[in-house]
Amino acid sequence: MELILECLFNGVAIGSVLLVAALGLAIVFGLMGVINLAHGELMMLGAYSTYVTQLIFKLPALKPFYNAYVIVALVVAFIVSAVVGILLERSVIRRLYGSPLETLLATWGVSLILQQFVRSVPLAYGAGLVLSLLVGFISPFLLPQKLLEGSRGRLVRAASWAFSALVGVLGAGGLGSLVSRLGRASARNVDVTAPSWMRGGIDLWGVTFPIPRLVIIVITFIAVLGITWFLNRSVWGMRIRAVTQNRSMSDCLGISTERVDVLTFGIGSGLAGVAGVAVSLLGSVGPNVGASYIVGCFMVVVLGGVGNLLGTVLASFSIGIMTDLIGAGRLLSIWPDMPTPLASAVDFFATTSMARVLVFALIVVFLQFRPAGLFPQKGRMVEA
Amino acid sequence: MKGTKQFRRWLTLLLWIVILAAIIAAPFVLPVFRLNLLGRYLSLAIVALGVDLIWGYTGLLSLGQGIFFALGGYCAAMYLQLNSASELPNGIPEFFGLYGVKNLPFFWEPFNSPLFTTIAIWLLPGVVAAMLGFLVFRNRIKGVYFSILTQAALLVFFNFFNGQQKLINGTNGLKTDVTQLFGQMVGSPSMQRCFFWLTALLVILAWLFSRWIVRDRFGHVLVGIRDDEPRLRFTGYNPTLFKTIIFAIAGGLAGISGALYTVQSGIVSPQFMTVPFSIEMVIWVAVGGRGTLLGAIIGAVFINYAKSLVSEALPASWMFIQGGLFILVVTALPEGVLGWLQSEGPRNLLSRLGIARPISTYPSLEIDGKKEINL
């Protein structure tokens with residue numbers, strides 16, 4: 001019983017990291033058909049946002065609230081990744097809708113640039129850049145609509161961008177001088193230290209549940225619930241679903257598909273940032289932290305079927321449980337008197353990397369029977 | 001008209017003579033280090049040809065060519081290791097001793113034979129590619145799904161080779177530069193010179209082979225798959241078969257390339273199967289010009305050369321440049337450099353700058369407006 005419980009918990013824990021990472025990807029890929037290879041790097045940005053937030057909360061003024069920094073980090077990471085994601089969509093991906101392979105290559109280029117960016121540019125400057133982008137994106141909505149019209153509008157827009165650039169420079173300078181560690185570029189991995197309440201574990205029924213893992217499960221749960229609610233209950237969610245089903249018809253009916261694209265991409269990227277917070281709680285944060293998750297995320301999306309969140313949830317949990325079952329060699333402890341040849345085979349796969357090998361093989365076998373994943377999209381799209 | 005044709009023939013002949021002379025002379029002109037680099041880049045041109053065949057002509061973007069590249073490299077390295085292990089205790093390669101392995105794993109045995117190895121270098125990756133391809137293509141998995149699956153397969157192979165110390169020395173890889181071949185050290189300058197010539201010869205052969213494929217009817221079917229697969233299927237062709245075959249051919253080319261690269265770089269390791277390396281292969285082809293075989297060769301050699309030059313001067317900037325290249329080539333130069341030159345690219349640019357006369361789409365329409373046009 002304890003064994004099954006432990007196995008289930010570990011599987012769910014592995015699965016929920018995968019799920020929160022794959023959720024944004026599933027939305028962007030499932031709804032827009034865009035392969036975003038920079039998704040891992042958006043996660044990396046989220047993880048670095050956690051690190052920066054943590055350092056800021058170590059300042060004397062904010063020290064009393066240090067224990068709450070994880071919650072603030074979730075918001076910060078979401079915003080940072082969403083802003084970078086929107087920039088990416090506006091500048092590159094928008095030109096490439098309808099040609100997924102090209103998008104794939106271009107986003108890979110973006111991911112390389114982002115990786116090198118955090119290596120060779122001080123984090124404070126990066127934060128300043130994101131800040132100025134954020135102000136620049138938001139300011140048109142805050143200004144009165146009248147100001148933005150006509151020939152004067154251009155000037156106003158330029159002025160607002162100049163203002164946001166100024167804010168960014170000031171922010172970068174302030175951050176760099178307040179927290180000296182952010183003022184220098186470093187290619188080394190950094191560590192996010194969990195607040196005191198997140199250390200240790202809870203003992204229940206003879207099994208220890210590590211608290212960071214529990215926190216990740218909670219974060220994942222909230223993210224999935226929030227996204228489900230947003231897509232199914234809100235007006236913009238309805239528009240997103242409409243554009244997914246039939247882009248040109250939605251366009252004809254007056255839905256601004258361009259705005260929907262930006263919104264979808266922003267939310268997907270923001271979820272990558274949230275995933276980054278989760279990842280930063282598990283281990284050290286480096287420029288490559290996202291790259292190690294991206295293939296796993298894609299496997300979740302492929303296995304789950306496109307355009308279906310339930311499929312994504314089931315796929316990530318089944319991959320998580322399978323990985324734990326195989327990788328930790330639990331089959332042997334569940335069934336101790338296994339025949340010897342089978343036992344040696346189980347033993348051969350009982351490492352994390354070999355478990356990945358076997359899980360992938362199983363996924364390929366599964367795709368032989370269900371080529372479109374667990375829950376294929378129904379409809380008349382012959383060649384989607 | 002006849003004059004131009006003859007002129008072009010002479011020009012081609014002259015070009016070939018220059019290329020051959022350059023290949024023969026290069027080892028005597030270039031320092032050993034540069035020659036070795038050039039040889040490696042030329043061997044990478046072979047895998048780029050394979051990528052061009054499957055991506056440029058057939059429209060299958062594989063992000064897993066590193067698998068086949070590394071398999072070819074491992075085949076060559078296993079033979080070389082065995083070939084020079086006979087004097088060692090147990091008669092097995094040295095690294096096995098580190099992990100307490102006494103007997104040679106069974107799959108090493110056939111690599112005692114040079115003939116088997118020469119065949120295995122291209123056949124083994126080809127067969128693996130065919131199996132992988134068949135499983136994927138049979139289900140009509142294509143487009144980005146194919147790309148993702150090949151990438152996942154790459155990661156699986158990487159994990160497997162990385163983790164198996166007792167079978168193939170795991171993450172350390174197999175060294176070849178201190179092994180013996182024909183009684184000579186593989187890493188020695190004279191051997192490296194021979195490998196350079198061999199590589200150059202094989203690049204030319206691979207190019208001729210690829211050209212023969214794409215100019216044949218087989219090649220037209222490949223382009224058909226790329227441009228409209230359902231239509232091709234409705235006309236009675238079986239795309240699965242064609243895709244599997246061309247994927248296997250590309251795998252075989254990658255294997256040859258990997259073997260040549262291994263003997264010239266002195267080691268084969270799971271690093272050949274990392275995700276970035278396999279995507280880089282795609283960018284060589286994209287920059288050179290997909291759908292043009294020469295473009296693949298030029299792209300592979302040129303980009304790698306640029307990479308080594310830039311990395312020597314400014315180590316940090318190469319990632320920015322490479323990332324920028326990916327974005328640039330996709331958004332601004334989708335046909336690659338050679339494709340751009342072949343289409344009306346340069347003239348378009350000149351006319352946009354106001355230097356050349358703009359190109360008119362239907363000249364007859366503008367010269368003589370009254371005339372009826374037959375399109």
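Biologist: Why is A:Thr257 called buried?

Modeller: In this predicted model, A:Thr257 has a relative accessibility of 13%. Buried means under 20%, so A:Thr257 at 13% falls into that class. A:Thr257 lies in helix α10 of chain A. Leaving out residues up to four places away in sequence, A:Thr257 touches A:Val243, A:Arg247 and A:Asp251.

Biologist: What makes A:Glu258 and A:Arg90 a salt bridge?

Modeller: The N to O distance between their side chains is 3.3 Å. The cut-off for an Arg nitrogen and a Glu carboxyl oxygen is 4 Å, so the pair A:Glu258 and A:Arg90 at 3.3 Å qualifies. A:Glu258 sits in helix α10 (residues 257-282) of chain A and A:Arg90 in helix α3 (residues 69-91) of chain A, so this pair ties together parts 168 residues apart in sequence.

Biologist: Which residues are linked with A:Arg90 in a network of salt bridges?

Modeller: The network links A:Arg90 with A:Glu89 and A:Glu258. A:Glu89 meets A:Arg90 with an N to O distance of 3.2 Å, which is within the 4 Å limit.

Biologist: How do you know whether A:Glu89, A:Arg90 and A:Glu258 are buried or exposed?

Modeller: Each relative accessible area is set against the limits of 20% and 50%. A:Glu89 has 0% and is therefore buried. A:Arg90 has 24% and is partly exposed, because partly exposed covers what lies between the two limits. A:Glu258, at 44%, is partly exposed as well.

Biologist: What makes B:Glu229 and B:Arg233 a salt bridge, and where do they lie?

Modeller: Their closest N and O atoms are 3.3 Å apart, so the 4 Å criterion is met. B:Glu229 and B:Arg233 belong to helix α10 (residues 229-234) of chain B; being 4 residues apart there, they are separated by about one helical turn. Both residues of this pair are buried.

Biologist: How many salt bridges does the search find over all chains, and how many of them cross the interface of chain A and chain B?

Modeller: The search of the whole structure gives 9 over all chains. Across the interface of chain A and chain B the rule finds 1. B:Arg290 and A:Glu102 form a salt bridge with their closest N and O atoms 3.0 Å apart, again within 4 Å.

Biologist: What describes the interface of chain A and chain B in numbers?

Modeller: The size of an interface is often given as the accessible area lost when the parts come together. Here chain A and chain B bury about 3,600 Å² between them, and 79% of that is on carbon and sulfur atoms. In terms of contacts, 38 residues of chain A meet 40 residues of chain B.

Biologist: Why is B:Gln151 called buried, and which residues is it in contact with?

Modeller: B:Gln151 has a relative accessible area of 2%, and under 20% means buried. B:Gln151 is placed in helix α6 (residues 144-163) of chain B. Apart from neighbours within four places in sequence, B:Gln151 is in contact with A:Leu37 and A:Val295, and also with B:Leu63, B:Val275 and B:Ile279.

Biologist: What makes B:Ile119 eligible for a nonpolar patch on the surface?

Modeller: B:Ile119 has a relative accessible area of 35% and is partly exposed. A patch takes residues with over 30%, so B:Ile119 at 35% passes on area. The other members are B:Leu115, B:Trp122, B:Leu123, B:Val127 and B:Met131, and the patch has about 590 Å² of accessible area together. Helix α5 (residues 114-138) of chain B holds B:Ile119.

Biologist: How many disulfides are there over all chains, and how do you know?

Modeller: The count is 0 over all chains. A disulfide needs a pair of cysteine sulfur atoms within 2.5 Å, so a count of 0 means that the rule found no such pair. Two of the cysteines can still be classed by area. A:Cys297 is buried at 0%, while B:Cys194 is partly exposed at 43%.

Biologist: What can be said of chain B as a whole?

Modeller: Chain B has 17 helices and 4 strands. Of its 375 residues, 50% count as buried. Chain B exposes about 18,500 Å², with carbon and sulfur atoms supplying 67% of this area. Among the contacts in chain B with a separation of 6 or more, 76% are between residues 24 or more positions apart.

Note on methods: Residues are numbered from 1 along each chain as its sequence is written. Chains are lettered from A and ligands numbered from 1 in the order in which they are written. This is a predicted model: local features need pLDDT of at least 70, side-chain atom pairs count only at pLDDT 80 or more; totals for chains, interfaces and linings use all residues. Side-chain values use heavy atoms; hydrogens and water are left out. Buried means under 20% relative accessible area, exposed over 50%, partly exposed in between (1.4 Å probe, protein chains only). Patches are made of residues with over 30% relative accessible area and no salt bridge: like charges are joined within 9 Å, nonpolar side chains (Val, Leu, Ile, Met, Phe, Trp, Tyr) within 5 Å. Accessible areas come from the Shrake-Rupley method with a 1.4 Å probe; for residues, only the protein chains shown count as cover. Helices (H or I, at least four residues) and strands (E, at least two) are DSSP runs, numbered from the N terminus. Contact means heavy atoms within 4.5 Å. Buried area is the accessible area (1.4 Å probe) that two parts lose on being put together, summed over both.
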